[in-house]
Amino acid sequence: MRYFLKAGGAVAVVGLMMAGCSSIGPGSSPAPAPIGASTAPVGGECNAQSAQAAVGKNATAKVVEDARVRSGARLARVLRPGQMITKEFDGQRLNLEVDASGKIIAVRCG
């Protein structure tokens, strides 16, 4: 360390230390923006009947959000074949079950 201080390298050392703390550096990119910021209602109690129009569609972010808004749910999740899921009931959650190709085959709350 004495060599750095004698050669005026203390500034370089501090600069390198600060660069290591930066989350965005050369070759890095900032975190992606959320998909389609929504002005949709936050939601509450889920009503799966209102979201049945999603059955048969591909589970894209837009389709999932549209189904969530239609159902009145606070959140939505996509359930894929063989995926491990939690079994607790959440009356504010919309579940969209999809087949292997990503097409929605069932809509239910919980």
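# A guided look at helix H3 and its surroundings

Visitor: Which strands are included in what covers the buried residues of H3?
Guide: Welcome! Please keep in mind that this is a predicted model. What covers the buried residues of H3 includes three strands, which I will name in sequence order: E1 (75-79), E2 and E3.

Visitor: How many helices and strands does the protein have, and what pattern do they follow along the sequence?
Guide: The protein has three helices and three strands. Reading along the sequence, you meet them in the pattern α-α-α-β-β-β.

Visitor: Within what arc do the buried residues of H3 fall?
Guide: The buried residues in H3 are Val-63, Val-64, Ala-67, Arg-68 and Ser-71. Look down the helix axis and you will find that they line one face of H3, because they fall within an arc of 135 degrees.

Visitor: Is Ser-71 buried or exposed?
Guide: Ser-71 lies in helix H3. Beyond its neighbours within four places in sequence, it is in contact with Glu-45, Cys-46, Asn-47, Ser-50, Ala-51 and Leu-94. Its relative accessible area is 3%. Since the cut-off for burial is under 20%, Ser-71 is buried.

Visitor: What phi does Gly-72 take?
Guide: Gly-72 sits just after H3. Its phi is positive, at about 80 degrees.

Visitor: Which two residues does the disulfide join?
Guide: The structure holds one disulfide. Its sulfur atoms are 2.0 Å apart, and a pair counts when it is within 2.5 Å. The residues joined are Cys-46 and Cys-109.

Visitor: How many residues apart are Cys-46 and Cys-109?
Guide: Cys-46 is in the loop between helix H2 (10-21) and helix H3 (61-71), while Cys-109 is in strand E3 (residues 104-109). The pair therefore links distant parts of the chain, with a separation of 63 residues.

Visitor: Is the disulfide left-handed or right-handed?
Guide: The clue is the torsion about the S-S bond of Cys-46 and Cys-109, which is about -70 degrees. With that torsion, the disulfide is left-handed.

Visitor: Which of Cys-46 and Cys-109 is buried, and which is partly exposed?
Guide: Buried means under 20% relative accessible area, and partly exposed runs from there to 50%. Cys-46 has 13%, whereas Cys-109 has 23%. So Cys-46 is buried, and partly exposed is the word for Cys-109.

Visitor: The backbone oxygen of which residue lies 2.4 Å from a polar atom of the side chain of Arg-93?
Guide: Arg-93 is found in strand E2 (residues 93-98) and counts as buried, at 6% relative accessibility. Leaving aside neighbours within four places in sequence, its contacts include both disulfide partners, Cys-46 and Cys-109. Another of its contacts is the residue you ask about, and the backbone oxygen at 2.4 Å belongs to Gly-110.

Visitor: What share of the residues of the protein counts as buried?
Guide: The accessible surface comes to about 7,800 Å², of which 61% belongs to carbon and sulfur atoms. Of the 110 residues of the protein, the share that counts as buried is 24%.

Visitor: Where in the protein is confidence lowest, and where is it highest?
Guide: The protein averages a pLDDT of 77, and 61% of the residues score at least 70. Over residues 1-25 the pLDDT is below 50, and this stretch has five contacts in the model beyond near neighbours in sequence. Among the named elements, confidence is lowest in H2, at a mean of 45, and highest, at 98, in E3.

How values were computed. Residues numbered from 1 in each chain as written. Heavy atoms only, no water. Helix = DSSP H or I, 4+ residues; strand = E, 2+ residues; numbered from the N terminus. Buried < 20%, exposed > 50% of the residue type's maximum accessible area, 1.4 Å probe, protein only. Polar contact = N/O pair within 3.5 Å; in protein donor to acceptor, adjacent residues only side chain to side chain. Contact = heavy atoms within 4.5 Å. Areas by Shrake-Rupley, 256 points an atom, 1.4 Å probe, with all protein chains shown as cover. Arc of directions from axis to C-beta. pLDDT = per-residue confidence, 0-100.
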